[in-house]
Amino acid sequence: MIDQNKIREQFPILNQKINGYDLIYFDNGATSQKPLTVIDSISNYYKNSNSNIHRGVHTLSRTATELFEKSRKTIANYFNVKNDQQIIFTAGTTDSINLVANGLAKNYLKRGDEIILSTYEHHSNILPWQLWAEENGGKLKVIPLLEDQSLDYVSLEKLISDKTKLIAITQVSNTLGLITDLEKIKSIAQKNNIPVLLDGAQSAPHMAIDLQKLDVDFFVCSAHKMYGPTGIGLLYLSEKWLKELPVSKPGGGTIKTVTFEKTEYAEGALRFEPGTPHIAGAVGFAAAIDFINEVGIQKIFDHEDELVQYAQLKMTEIPEVIVYGKSAHKAGVISFNVKGQHPFDVGTLLDKYGIAVRTGHHCTQPLMQCLTIQGTVRISFAIYNTKQEIDFFIEKLKKVITMLS
Ligand SMILES: Cc1ncc(COP(=O)(O)O)c(C=O)c1O
């Protein structure tokens with residue numbers, strides 16, 4: 001059992017009224033709140049250790065470098081990565097996917113090649129590939145959904161051809177909350193020798209992730225969805241791609257030697273980290289990992305799973321509510337609509353009761369097109385959410401339905 005009061009005390013932002021009601025923050029899929037330890041780690045960094053990293057002989061620079069590289073180690077350990085150089089600091093999931101796409105475009109992806117995505121990808125895992133495809137006569141192929149809105153894994157086999165160069169897929173759908181069956185994807189990918197990019201933006205906040213066991217080629221996630229700061233995330237590269245992914249974003253810090261004729265790039269993570277990185281962000285990211293470790297990721301998953309099952313059951317009992325991707329196999333997210341009502345109206349009225357939800361297409365317009373809807377209302381949970389909050393939400397949702405009808 002988790003001590004809910006003790007956890008909530010660490011998130012001062014939760015202790016406020018919105019429109020006269022206690023804030024209920026159900027928008028964790030967009031970004032989670034930050035515990036005091038994360039806020040303090042960033043503040044302490046700027047108070048005591050701020051300096052530019054690498055290539056500095058003075059004490060403060062060495063301290064900042066140590067903190068930055070220690071953060072990389074903390075994060076690599078958490079994800080069970082063999083070599084911490086396989087963890088590259090980026091601005092977040094979107095930045096990481098762009099780094100892979102631009103790198104692969106240099107010497108791996110060839111004219112007319114094909115990339116497989118799923119119907120429920122976030123735009124961040126569509127647009128970089130689409131841009132490449134448009135410029136190179138490439139093709140995107142899409143794993144369709146079944147009737148229950150889960151992925152049609154059987155059809156994946158049929159999508160594969162000798163031109164398939166990558167499967168880029170999310171581990172958890174940010175709109176439906178459904179967990180992708182990675183074993184099925186991997187077994188097909190491995191049989192056909194196709195690399196896999198796994199978008200962990202919505203899985204890393206909720207589930208244990210062991211990157212040696214997952215054994216994918218690329219893994220990406222954002223700190224801000226896992227109790228850390230905005231503007232920092234990671235790109236994990238398998239050992240093979242750490243050696244083979246071309247540099248696509250050069251700059252100070254990525255090099256070994258430079259002449260006007262030729263540059264020799266550094267090896268390891270620095271090769272992909274141009275310019276002054278988000279040092280305080282890396283420190284805050286590591287503090288967020290420490291927070292997750294302290295609570296225990298399995299406890300976080302179990303608690304949020306209980307909330308999802310509880311809320312999903314209560315919502316399906318309301319006849320006016322349509323829940324999308326109804327399944328027991330979900331992580332932290334429920335999307336729904338009220339029949340005949342626009343999601344913005346539902347979200348705006350819930351805000352009047354202090355309940356923060358997200359409304360719209362959730363950066364998954366192709367999924368919306370597949371479901372033939374404009375958008376949904378999405379509630380998404382974190383470790384500090386409670387069943388009492390769900391009870392209050394259900395009570396007010398019923399009130400909102402009455403008001404709108
Ligand atoms: C599945 C998924 N992928 C990618 C992203 C983009 O993440 P970021 O905005 O942190 O780059 C998100 C953000 O919501 C997401 O949910």
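**Helix packing and local environments in a predicted model**

I97, N98, V100, A101, L104 and A105 of helix α4 are in contact with P128, W129 and W132 of helix α5, where contact means heavy atoms within 4.5 Å. By class, the residues of this contact comprise eight nonpolar, one polar and no charged; Ala, Val, Leu, Ile, Met, Phe, Trp, Tyr, Cys and Pro count as nonpolar, Asp, Glu, Lys and Arg as charged, and the others, Gly among them, as polar. The structure is a predicted model, in which local features need pLDDT of at least 70, side-chain atom pairs count only at pLDDT 80 or more, and totals for chains, interfaces and linings use all residues. Residues are numbered from 1 along each chain as its sequence is written, and side-chain values use heavy atoms, with hydrogens and water left out.

Helix α4 spans residues 93-107 and helix α5 residues 127-136. Helices (H or I, at least four residues) and strands (E, at least two) are DSSP runs, numbered from the N terminus. The axes of α4 and α5 come within 9 Å and cross at roughly 25 degrees; axes are lines fitted to C-alpha atoms, for helices over the stretch in contact, and angles run from 0 to 180 degrees between N-to-C directions. The two helices α4 and α5 are therefore roughly parallel to each other, since angles under 35 degrees count as roughly parallel, over 145 as roughly antiparallel, 65 to 115 as roughly perpendicular and the rest as oblique. The crossing of α4 and α5 is right-handed. A crossing is left-handed if the near helix is turned anticlockwise from the far one by less than a right angle, and right-handed if clockwise.

A second helix pair is formed by α12 (residues 343-352) and α14 (residues 387-404). Their axes come within 10 Å and cross at roughly 125 degrees, which makes α12 oblique to α14. The crossing of α12 with α14 is right-handed. On the α12 side, D345, V346, L349 and L350 take part, and they meet F393, K396, L397, V400, M403 and L404 in α14. The residues of the contact between α12 and α14 are divided into eight nonpolar, no polar and two charged.

Within α12, L349 has a relative accessible area of 18% and is therefore buried; buried means under 20% relative accessible area, exposed over 50%, and partly exposed in between (1.4 Å probe, protein chains only). When residues up to four places away in sequence are not counted, L349 touches V400, M403 and L404. L349 and G56 are separated by 293 residues in sequence and by 54 Å in space, C-alpha to C-alpha.

G56 also appears among the contacts of helix α3 (residues 59-78), which contains S61. At 1% relative accessibility, S61 is buried. Its contacts, with residues up to four places away in sequence left out, are S51, N52, I53, H54 and G56. R62 also lies in helix α3, but R62 is partly exposed, at a relative accessible area of 46%. With residues up to four places away in sequence again left out, R62 touches G56 and V57. R62 and S51 are 11 residues apart in sequence and 8.5 Å apart in space, C-alpha to C-alpha.

Helix α10 (residues 279-295) consists of 17 residues and reaches 25 Å from its first C-alpha to its last. This span is close to the 24 Å expected at 1.5 Å a residue, the expected span being 1.5 Å times one less than the number of residues. Helix α10 is mostly covered, as 14 of its 17 residues are buried. G296 follows α10 and has a positive phi, near 105 degrees.

Several loop residues were also examined. D27, in the loop between β3 (24-25) and α2 (36-49), is buried at 5% relative accessibility. Apart from neighbours within four places in sequence, D27 is in contact with A356, V357, R358, R378 and S380. D215, in the loop between α8 (211-214) and β9 (218-222), has a phi near 55 degrees, a positive value in a residue other than glycine. At 47% relative accessibility, D215 is partly exposed. H362, in the loop between β16 (358-360) and α13 (365-371), likewise has a positive phi near 55 degrees. H362 is buried, with a relative accessible area of 7%.
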